[in-house]
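Me: Please give me a close look at one part of this model: the strands, how they pair, and what surrounds them where the chains meet. I'd enjoy one connected account rather than a list.

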Amino acid sequence: MKRIRKDSLKEVLINWALDRTVIAPRRTERGECIYDTFDEAGFTLDIAKPSAPPKRSLFPQSEVIFQIEQGGYRQAVSSSPTLLFGIRPCDHKGLLQSQSFMSQDLDDPYYRAKSEKVLTVVMACPGSMSPTCFCTTTSSGPWAESGFDLQLYDDGDAFLVEIGSKRGFDLVSSSSFEEMDDAKAAEKIRAFQKAAGSRIPIISEVEDAMERLETSNKASDEVWEGFGKKCITCGGCSFVCPTCTCFTVSDRVVSVETGDRIRSWDSCLYAGFTKEASGHNPRRTSALRIKRRHEHKLLYHKDRDHHGGLCTCVGCGRCSDYCPVHIGLIEVAQAICSAKDSAGEEKRYSGGVS
Amino acid sequence: MAKTSTICPFCGCGCNFYLVTEQNKVVGVEPSPGNPVNKGMLCAKGWNSYDFINSPLRLTTPLVRKNGKLTESTWDEALDFTVRRLREIQSDSGSNSLGFLASAKVSNEENYLFMKMARAAFKTNNIDHCARL
Amino acid sequence: MAGLAATFGSGAMTNSINEMDEAELFFVIGSNTTEQHPLIGTRVINAVERGARLIVVDPRDIPLARYAHMHLRQNIGTDVAVLNGLMNIIIEEGLYDREYVETRTEGFDELKRIVSRYTPRVVEQISGIRADDLMLAAREYAGTGKAMLLYAMGITQHTTGTDNVKTCANLAMLTGHVGRPSTGVNPLRGQNNVQGACDMGGLPVVYTGYQKVGDEPVIQKFSDAWGVDDLDKAPGLTITTMMEAADRGELKALYVMGENPYLSDPDSKHIERALSNLDLLVVQDIFLSETAALADVVLPAACFAEKAGTYTNTERRVQLSCKAVDPPGSARADWEIIQDVCARAGYPMSYADPSEIMAEINRVTPSYAGITYPRLEMGYGLSWPCPNEEHPGTAYLHKDRFSKGLGTFLPCEFKPMAEPPDTEYDFILTTGRMYFQYHTGTMSRRVGILEREAPEPLVEINPEDARKLGIRDRDLVEITSRRGAVKIKAEVTARVPRKVVFSTFHFHEVPINLLTNPAHDPVSGIPEYKGCAVKIRRCA
């Protein structure tokens, strides 16, 4: 086990950034903290929960995947060595889930190329980073179990460094990383984890909502209609979600014979996401789209993933933080739990609005 | 990757987002979490606003109408022609035969300079914009 | 703008967006807030969910109306009558703020005299709003301490637009809802820098910060600052009168920066004729817009991502936008192009970057004097007036006094719309925008997802009207006004009342402004986009 003093960290990052892009917290001139390319002057450890998950490093909001040239096309797979520093365990879990999703049935070469070159340095959470954190409910924090290269645990003026991979081992070869007695470190980490875990409350409504959806076969339509009435269809819930990876593909015609095929983030809250070529839309109302989204999150993909967490939700709470009208997973779960029990009564999609 | 703070080009709310760029190309947006106007949120137009910037239909070179057709030209040619014609019309028909339409979509500094150009360089108050439309 | 300036002394949103979180009542008239100002609309929804009251006055069943405690659907173009009716009730029932009226305003007697004729019964006949509903709304608005009035182009885009605005201001003053937090008269501006374009003097009658072109000290100040001695003292032409002058051959050259009047202005045929009548049309833009396609010279400009600059949002907040990427090809920032034009015109400018231009704006504009780049870089913008570098900016206006001293009641009589329906043109066409598109579509139609979500224009028609005319949903229909005709698909929906059809101007394929009436407000010059007479039939 290793240990690094907090005041040596910047030096380490400067070194790591020599031959790769390092994405790390940055404090802007106006005091806002965002994740950005490492910048010595703006580097900060004072970022509780970043407003955006790190997914855009592996899955950019828009990306050219083919270039169409005279008489043919060329696949454009781009990647470069990247290190994600200080990502939170929930976000790390989001990356692992996306990774398995992007490789399970069909290999996604664009995602894979980037993911192979990404190193992750996870920052374990000492407790809730915001009132909407619920990683203990989804088994995705407050520390990462596996799949990371390094994981840091706050230990006063230093971080304990847990090495999770060979690549992680190579990262800590410099003399800035002090050796530490393994047994002592493990004890400290256990104590950290115990305290951290106890500080993040389980949101029982999320579990109850899953249970209800499963047993009473879907929530009452009023729940979805209530949310559908106020959704402004911004798509933000999908874009801030660490596990949402839906995309659309479009062609950018440059000239008669050349152009780009681009994939870009899409959202299941947009009507066009499910609209069929005939014009028919199986999810034609916001209510139906919100229903679909949350049934995906809480029912259809409720299985535990192979890392032991809930698929498609990592409990980061951003959909609750950044929905302009408070339609986050937490609010939806609460509404499902407080709605009248519609047990036994099967609701059909068609018709939707009753 | 770089993130640059910008203001949404659509409605008058004035939402603040970072443009995410890779090698001098805009690839996405990330709302500013701290700005009191939008607090980390955007509407559908804001979230997708990056797309038109890279459109191949963007104008990339000045055009001058020749034999009835807009034809690619140099900046020198386009600007010389513009100023020569403005000055000719001004001296033939007076400053108030010129009109200037400023823009509700460009910056304050640019609107200021445009207004200054109309008034100080071309001596007319015939300046308005499409804000009301 | 002109209306608010006459009443209060300055034309802008009086209060700020964050104050909405504390408001107890919203009175929204002529604003489809959730679709046109989504992140302001959601503030209203959230406020209602925490217990605020909401009165929506709009002919259409806009999404926000689903949250309204009262939705008053007035006949198109009857806003003055509705607002006068509210004031009639408020005065009649003694619900107005006597102390405020006595100490802060002037012209009350005249207001009282004029609105006395707008009894609930009279207003019901004009507007179609039931007298009982009007009374309930009047009592709620007058009786709530923190009541914010929001309006947008549903108020201004009428031949009586200035009257509509003045009447909104009258209502707010009468009830003391101006000059306190979470109150006010709040016009929501439609484009990201409309407020700034006005503030910067992109208007025929004023320099920056609404300093009048005819005022001697103002002329002196700008002559000194700009090193010229022959500034024109007479007001110039508005866009609407410029087009008329071009049509007559009096205006011979037009230089358009980043606008698309061919699609955005009323009566497109007339605009096309006017533009082709020019000896010189210069268009500076980021795309070859419909207007640029008619130009003699097209100058390629940088878009917002490709230059630094400030933008002033609807609540007067001036914010800095930084340069993210280089412009494509040889396109250049608008300020650089203007500087080059001026140099060739023998009026050299030498600003190294936009911050130097702002420094000059600071010097000549009292309300912007303290809004400097170093301050903007350190924060999230500053709301004017901000008279010096220590000033924190102003969240709400008219705190202890109005910009002009006392607020003046400027009562208006109801005047019907310029082109009411008749037996031949028996429908009213009203125009607006959709959520997924923006203005003439120059930008939004080049965003894949937005275009997918809203790929085509539709005209909304009430189910009863549709049935009578044999029109089914998505049928192609022809709409004709005295100025032109378009073919467009119908959307049969109860969102619109009977005898009203609604459409948008985003799509060049169906230039709806072929139909609209160029008749405009005599003061602001704003055309009556919100109502003209049309007829409609199903295409065979």
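Reply: Let's begin with pairing: two strands count as paired if DSSP finds at least two bridges between them. Strands are DSSP runs of E with at least two residues, helices are runs of H or I with at least four, and both are numbered from the N terminus. Residues are numbered from 1 along each chain as its sequence is written, while chains are lettered from A and ligands numbered from 1 in the order in which they are written. Please keep in mind that this is a predicted model, in which local features need pLDDT of at least 70 and side-chain atom pairs count only at pLDDT 80 or more, whereas totals for chains, interfaces and linings use all residues.

A good place to start is strand β7 of chain C, residues 253-257. Five of its five residues are buried, so β7(C) is largely enclosed by the rest of the structure (buried means 20 or more other C-beta atoms, placed from the backbone, within 10 Å of the residue's own; exposed means 12 or fewer, and partly exposed is in between). A253(C), Y255(C) and M257(C) point one way from the strand, L254(C) and V256(C) point the other way, and all are buried.

What does β7(C) pair with? Within chain C, β7(C) runs parallel to strand β8 (residues 280-285), and five bridges link the two; here A253(C) faces L280(C) in β8(C). Another partner comes from chain B: strand β6 of that chain (residues 98-102) runs parallel to β7(C) and is joined to it by four bridges. F100(B) has Y255(C) as its bridge partner there.

Chains B and C also share an antiparallel pairing. Strand β4 of chain B (residues 63-66) and strand β9 of chain C (residues 297-300) are joined by two bridges, with L63(B) partnered by V298(C) in β9(C).

Now widen the view to the whole B–C interface. There, 114 residues of chain C are in contact with 91 residues of chain B, contact meaning C-beta atoms, placed from the backbone, within 7 Å. On the chain C side, helix α16 (residues 334-344) gives the most, with eight residues. That side consists of 65 nonpolar, 31 polar and 18 charged residues (Ala, Val, Leu, Ile, Met, Phe, Trp, Tyr, Cys and Pro count as nonpolar, Asp, Glu, Lys and Arg as charged, and the others, Gly among them, as polar).

Chain B has contacts with chain A too: 19 of its residues touch 25 of chain A. On the chain B side, β1 (2-7), β2 (16-22), β3 (25-31) and α1 (44-47) are the elements that give two or more residues. The largest share, three residues, belongs to β3(B). By class, this side of chain B has 13 nonpolar, four polar and two charged residues.

Back in chain C, six strands form a closed barrel with mixed pairing, in the order β14-β18-β15-β17-β16-β21. Within it, β16 (residues 476-480) and β21 (residues 532-538) run antiparallel, joined by four bridges, and I479(C) stands opposite I536(C) of β21(C).

I479(C) also appears in the largest nonpolar core, which has 303 residues; L254(C) and L86(C) are likewise among those with the most contacts inside it. Such a core is a set of buried Ala, Val, Leu, Ile, Met, Phe, Trp, Tyr and Cys residues joined through C-beta atoms within 7 Å. Apart from neighbours within four places in sequence, L86(C) touches L134(C), A137(C), A138(C), Y141(C) and L171(C).

The loops deserve a last look. S182(C), not a glycine, has a positive phi of about 55° and sits between α10 (161-174) and β6 (185-187) of chain C. S182(C) counts as buried because it has 23 C-beta neighbours inside 10 Å. K39(B), also not a glycine, has a positive phi of about 45° and lies in the loop between β3 and α1 of chain B. K39(B) is partly exposed, as 18 other C-beta atoms lie within 10 Å. Finally, W384(C) and P385(C) are joined by a cis peptide bond with omega near 0°, and P385(C) belongs to the loop between β12 (382-383) and β13 (407-408) of chain C.

Notes. Two residues are in contact if their C-beta atoms, placed from the backbone, lie within 7 Å.
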